[in-house]
Amino acid sequence: MYILVVDLGGTQIRAARCTPDGQMEERVAIPTLAAQGPEVVLDRIRQAIRMVWPQEGPVTALALSAPGPVDAHRGVVRFTPNIPGWKDVPLRDLMAESFGVPTFLANDANLAALGEFRFGAGQGVRDLIYLTISTGIGGGIIIDGRLYEGGQGLGGEVGHMVVEPNGPLCGCGGYGCLEAVASGTAIAREARAALERGASSLLTGMVSSPGEVTAREVAEAAARGDDLSRRIFARAGTYIGLALVSLMYLFNPALFIIGGSVANAGDLLFDPMRQTMRERSQRVYWENTPVVPAALGDDVVLLGALALALERV
Ligand SMILES: [Zn+2]
């Protein structure tokens, strides 16, 4: 028997055919063609699924991941920032109708949490919180071995916790969300602004204009000892640490797992996170709450979709 998993992204649709023990037998990646409109994207998803459909043997479930807010209870993608025209798309039921197998849908960061729980750094733990720090910040909450989805299935959006009341505008319309001050986008924005003010930094020699700086260059410069870049990472890590303090008091997780491309900066980000937890919370909390890097790479969302199907079938 097989479970087919799909990761819908703004530029790529990835799909894989999995066995229940987590082996991926076949995988494909095709362009989303988001600019060509919602119907084209739906057809691309169907095409990706057909490409990994087995020649023989039953398909027991289809599990789908989508970016942006997903009403996981109704199986509806509320909207996706990177796919124009997608609003309240009943993706789960559309695919269930097309393929006639039990179908599940969740938000990509929620699924990454489930993937790390079942196959990655969270194995053996019942309660954990996962954060992904990349262009944006997302996350997922596992309580007693299950993904927590919330009243409307929209839960786990740790990136929109407000950590700086008068902070910069966030993509969600709020101000001072964790994502607005600690994401890769925020790190790049801080660096560009400092360079434009004339700050001296190794970054100046790495790009031809401040506008080209991304979080990756800031991480590289910080690793080479650049003062400005180190301060920018320390600030982002401190904000993430503040969010972890609140989450720690609310949920008392056994483990925090931090993934996403910006987390590859390692200690540059993890040291200020852990230090903030020690400074801003009681010992009984922080000394029993490890913060560890994610263990799964690019496949984390696909593996999370597999874990969701295994949990629900
Ligand atoms: Zn926000």
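Start by selecting the zinc ion, which in this predicted model is coordinated by H160 through ND1 and by the SG atoms of C170, C172 and C177, at 2.0 to 2.3 Å. If you display the angles at the metal, you will find that the four donor atoms subtend 105 to 120 degrees, which makes the arrangement tetrahedral. For reference, ideal angles for four tetrahedral donors are 109.5 degrees. Along the chain, the donors of the zinc ion follow the spacing H-x9-C-x1-C-x4-C.

Next, colour the three cysteine ligands by accessibility. C177 counts as buried at 3% relative accessibility, and C170 is buried as well, with a relative accessible area of 5%, whereas C172 is partly exposed at 45%. Should you look for disulfides while the cysteines are selected, a search of the whole structure finds zero.

Now move to the largest nonpolar core, which has 45 residues, and select those with the most contacts inside it, namely L131, L178, F233, I240, L244 and I258. At least two residues of this core come from each of the strands β9 (128–133), β10 (137–143) and β12 (255–259) and from each of the helices α4 (178–182), α5 (184–196), α6 (215–223), α7 (227–251) and α8 (267–280). Of these elements, α7 gives the most to the core, with 11 residues.

Centre the view on F233 and, leaving aside its neighbours within four places in sequence, show its contacts, which are I187, A215, V218, A219, A222, V262, A265, L268, L269 and P272. Apart from this core lies another one, of 29 residues, which you can locate by selecting A113, L128, V300 and A309 among its members.

Terms used:
Residues numbered from 1 in each chain as written. Predicted model: local features only at pLDDT ≥ 70, side-chain atom pairs only at ≥ 80, totals over all residues. Heavy atoms only, no water. Donors = N, O, S within 2.8 Å, 3.2 Å for Na, K, Ca; no water. Tetrahedral: all angles 85-135°; square planar, octahedral: opposite > 155°, others 65-115°. Buried < 20%, exposed > 50% of the residue type's maximum accessible area, 1.4 Å probe, protein only. Disulfide = S-S within 2.5 Å. Core = buried A, V, L, I, M, F, W, Y, C linked by side-chain atoms within 4.5 Å. Helix = DSSP H or I, 4+ residues; strand = E, 2+ residues; numbered from the N terminus. Contact = heavy atoms within 4.5 Å.
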